[in-house]
Amino acid sequence: MLDQAFQQVYTKFKLHFYKQVFNKFETREATLTTVESFCMEVIMALGSPTIAEFSNMMNLSTPNAAYKINNLVKKGYVKKVQSETDKREYHLYPTRKYIDYYSISYAYLQKVVDRAKQRFTVEELQNLERMLSIVSEELMPEIPLPKSGPAMPQE
């Protein structure tokens, strides 16, 4: 039963995101390919990854990852910022253009959280937060994420 509940919530978040993405394609020109959309999701999730960190997460060769990133830079969705400590490295940041274009999934997440705050007691919310943290940090070690959350957009 628990596996079905997890699957249902995960599927609903994905379907809402896909529905909104396709709705955007209907109302204006689709400037990101599906693969580029996934790449942007990964960059957002990793915070401000280097090209090497991005390529490792996606299991891509560094040249292939660099090619995908350069296309995203040309389209105005990613900004490469040179590392302060290692001038050979560049960190990837989503631009305001990406944040504005894809803020839908995050707005829906916030809507669900707001509904949970209305539905559950403070103690239930604390338990939910604790359990989700355990799932993320202990039960999903294959996908490390920065504790700081998504990277801030670069202008």
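At what angle do helix α3 (residues 51–58) and α4 pack, and how far apart are their axes? In this predicted model, the two helices pack at an angle of about 110°, and their axes are 9 Å apart. Since angles of 65 to 115 degrees count as roughly perpendicular, α3 and α4 are therefore roughly perpendicular to each other. On the side of α3 the contact involves Ile51, Phe54 and Ser55, which meet Thr62, Ala65, Ala66 and Ile69 in α4. Sorted by character, the residues of this contact comprise five nonpolar and two polar, with no charged residue among them.

Helix α4 (residues 62–74) also has a contact with helix α2 (residues 34–46), where the axes come within 11 Å and cross at roughly 95°. By the criterion already applied, α2 and α4 are therefore roughly perpendicular to each other. Here α2 contributes Val35, Glu36, Cys39, Met40 and Ile43, while α4 contributes Lys68, Asn71 and Leu72. The residues of this contact divide into five nonpolar, one polar and two charged.

Glu36, one of the α2 residues in that contact, also takes part in a salt bridge, and the structure holds two of these. The partner of glutamate 36 is lysine 75, with the closest N and O atoms 2.7 Å apart. Because glutamate 36 belongs to helix α2 and lysine 75 to the loop between α4 and β1 (78–82), the pair ties together parts that are 39 residues apart in sequence. Side chains of opposite charge can pair in this way when their charged atoms come close.

Turning to the surface, one finds a nonpolar patch of about 410 Å², made by Leu15, Tyr18, Phe22 and Phe38. Helix α1 (residues 2–27) gives the most to this patch, with three residues, whereas phenylalanine 38 lies in helix α2, the helix that also packs against α4 through residues including Val35 and Ile43.

Note on methods:
Residues are numbered from 1 along each chain as its sequence is written. This is a predicted model: local features need pLDDT of at least 70, side-chain atom pairs count only at pLDDT 80 or more; totals for chains, interfaces and linings use all residues. Side-chain values use heavy atoms; hydrogens and water are left out. Axes are lines fitted to C-alpha atoms, for helices over the stretch in contact, and angles run from 0 to 180 degrees between N-to-C directions. Helices (H or I, at least four residues) and strands (E, at least two) are DSSP runs, numbered from the N terminus. Angles under 35 degrees count as roughly parallel, over 145 as roughly antiparallel, 65 to 115 as roughly perpendicular and the rest as oblique. Contact means heavy atoms within 4.5 Å. Ala, Val, Leu, Ile, Met, Phe, Trp, Tyr, Cys and Pro count as nonpolar, Asp, Glu, Lys and Arg as charged, and the others, Gly among them, as polar. Patches are made of residues with over 30% relative accessible area and no salt bridge: like charges are joined within 9 Å, nonpolar side chains (Val, Leu, Ile, Met, Phe, Trp, Tyr) within 5 Å. Accessible areas come from the Shrake-Rupley method with a 1.4 Å probe; for residues, only the protein chains shown count as cover. A salt bridge is a side-chain nitrogen of Lys or Arg within 4 Å of a carboxyl oxygen of Asp or Glu.
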